[in-house]
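Student: I should like to work through this structure by question and answer. Please begin once it is displayed.

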Amino acid sequence: VAKLCVCDLLVAQCDVNCCCDPDCSAADFSLFTTCSVPIVTGDNRLCSQKAAIYSLDVEANPPERIFKLIDQVNPSIFCIHATNYKEALSFSSPQMPTSENFDQLLKEFESATFSAEPDSWNMNTDAQSPSDANETYRYEYGVPIQTVDAFLRLPSPVVSSWCSDANPAGFLVNQATKCIRSVSVEKCGNIQAVSMLFYINSSILAVNITVQSVVVQSLNGMWTLLNSSDVLRLPMILDEVCINIVLGVSYHITYTDAGEIIEAAASFVLGAINKEALSIQQSFEISFTQVNTKPVPLSGNPGYVVGLPVRAGFRPQGYPFPVEILFNTNKYGQLTILQSTSNQDCLAAQGARTPVFFGYNMVSGCKLRITAAMKCQPLTQTLLDLLKGQTFPEYVASFGNSRAQDVLDWVPITHFQTSEQRIYNTFQSSCQIPISLEIEVKWTKYGSLVNPQARIVNVTATITSTTLKQLPSGRERTIPITSSVVFTDISSPAEPGYKAWPTINVKLPFDFFFPFV
């Protein structure tokens, strides 16, 4: 470290205030005001190392430089004791290809440009097998979808809210955009971007874009679904009104697990404008579905988005462990709670459920009117169905985009039973009935600190019961029944007053041991 000097920039000249510059003399040091580099060390991850200390003695006449070489001890509990892996202390020199080592280097560094199998080298470039021909049509995530002339357009606003047709649709990238298009009745027939042909006249390489549905919107906003989607409706002027202009396009792409697009469909919303209109708002959307699978609504990609439903599912019957989660493709999934009604009658509220939305703490409930004629067992089952619904899920997706076949991405719901000490005099013998369901969803921030993703790590469902005893004949009693959902962020530190595990406040850099093994 005594020979290292990072501030020595000038060759054979003294750098100002560079106290480690060997080109500086005592006369030069006397003119310095400070040392720009006061300490020079080696690797600060070592437990013990030499350090070169530079300072100025301004009280001396003339001022002079002070140099010390000391042993510096690393206070961190994580440090490297010895650098015994010498190969990691420097970059290895690249091996130059020669006629002797070319085959060995080719096998080690082969890529899509080379092939290590001589049998696969085909000098006849005119003959191409069907499998090689399909290679052109295979996509990776995010790659723009190619068409015969360019790429599949998904217009979107760029700088302002006006539409730009230069936005390509990326493979497996679900998008939804809205933008404003300048139009006029006189020129509507000449504006390509408001015509259906603009969006379907180019095939996606070997796949033609078919029209799946056409909805016509009138000037007053009424929608009408056309019976036949085969009719191509082009913009035209009718009684000073331009009809059949494109207000919205929704693409749906079907692909294989190899990344080949096998089907492309487009749904249109056509509208009309009068001569007063100077612009229209267009909406565009694209979605992807793998062949032989059902489309599943996502609640985030990958982390949950606040306000979207918590996705839930079941384990298939007959399996000791889940090989695939049976996920309900309905919009709200299957994690629901009791929905409050205006009359607050529990027996009348059966079947009314509200979905659990990520990040929303919710409380709902109703009132149960109990008479002496009620039987214990049927009442208990009715309240359980009321609180949990007919089918309470077994698993919750840890991410908003967790797939059914990725079983490890699903968190099992843990069930608890508790009892209250309150006793209601209702039945001849004591009867335990459930009166509340409390769902706690624990989640944490996952991934980069710049863009953390919400991930569910634990879900508990607690049923609280109470004891009922005999009620005099002719008397009635009302008991509140409640459901609640609480979301807890366990990635944040525990607040004072909460019991938490002891922790050590030490952060280890992710590349601390690099390049050591």
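**Strained backbone, charge pairs and a cavity**

Tutor: We start from a single residue of this predicted model: Asn244 is buried, with a relative accessible area of 8%.

Student: In which element does Asn244 lie?

Tutor: Asn244 is buried at 8% relative accessible area, and its phi is positive, near 65 degrees, although the residue is not a glycine. Most residues other than glycine have a negative phi. The element that holds Asn244 is strand β10.

Student: Is Asp239 buried or exposed?

Tutor: Asp239 also has a positive phi without being a glycine, at about 55 degrees. Its place is the loop between β9 (236-238) and β10. The relative accessible area of Asp239 is 70%, and the cut-off for the upper class is over 50%, so Asp239 is exposed.

Student: Which residue does Asn61 join through a cis peptide bond?

Tutor: Most peptide bonds are trans. The bond in question has omega of about 0 degrees, and its proline is found in the loop between β2 (48-57) and β3 (64-73). The residue joined to Asn61 is Pro62.

Student: Where does Pro302 lie?

Tutor: The peptide bond from Asn301 to Pro302 is cis, with omega near 0 degrees. Pro302 lies in the loop between β12 (279-290) and β13 (312-314).

Student: How many salt bridges does a search of the whole structure find?

Tutor: Side chains of opposite charge can pair when their charged atoms come close. One of the pairs found is Glu260 with Arg138. For the whole structure, the number of salt bridges is seven.

Student: How many residues apart are Glu260 and Arg138?

Tutor: The closest N and O atoms of Glu260 and Arg138 are 3.0 Å apart. Glu260 sits in the loop between β10 (241-255) and β11 (261-274), and Arg138 in the loop between α3 (130-134) and β4 (156-157). The pair therefore links distant parts of the chain, with a separation of 122 residues.

Student: Is Glu260 buried or exposed?

Tutor: Its partner Arg138 has a relative accessible area of 38% and is partly exposed. Glu260 has a relative accessibility of 17%, and the limit for the lowest class is under 20%, so Glu260 counts as buried.

Student: Which strands does the salt bridge between Arg369 and Glu476 tie together?

Tutor: The closest N and O atoms of Arg369 and Glu476 are 2.7 Å apart. Arg369 is partly exposed at 47%, and Glu476 is partly exposed at 45%. The two residues are 107 apart in sequence, and the strands that hold them are β17 (residues 362-371) and β21 (residues 476-489).

Student: With which residue does Lys445 form a salt bridge?

Tutor: Lys445 counts as partly exposed, at 44% relative accessibility. Its closest N–O contact in the pair is 2.7 Å. Lys445 lies in strand β19 (residues 410-446) and its partner in strand β21, 44 residues apart. That partner is Asp489.

Student: What is the volume of the largest cavity?

Tutor: Rolling a probe the size of a water molecule over the atoms shows where empty space is left. The count comes to one cavity of 30 Å³ or more. The volume of the largest cavity is about 50 Å³.

Student: How many charged residues has the lining of the largest cavity?

Tutor: The lining residues include Phe151, Leu152, Phe198, Ser202 and Tyr251. Also among them are Asp149 and Arg153. By class, six lining residues are nonpolar and three are polar, and the number of charged ones is two.

Notes
Residues numbered from 1 in each chain as written. Predicted model: local features only at pLDDT ≥ 70, side-chain atom pairs only at ≥ 80, totals over all residues. Heavy atoms only, no water. Salt bridge = Lys/Arg side-chain N within 4 Å of Asp/Glu carboxyl O. Helix = DSSP H or I, 4+ residues; strand = E, 2+ residues; numbered from the N terminus. Buried < 20%, exposed > 50% of the residue type's maximum accessible area, 1.4 Å probe, protein only. 1 Å grid on protein atoms, 1.4 Å probe; cavity = no way out; pocket = protein on both sides within 12 Å on 5 of 7 lines; lining within 4 Å. Points joined across faces, edges and corners; volume = space filled by probe spheres on them. Nonpolar A, V, L, I, M, F, W, Y, C, P; charged D, E, K, R; others polar.
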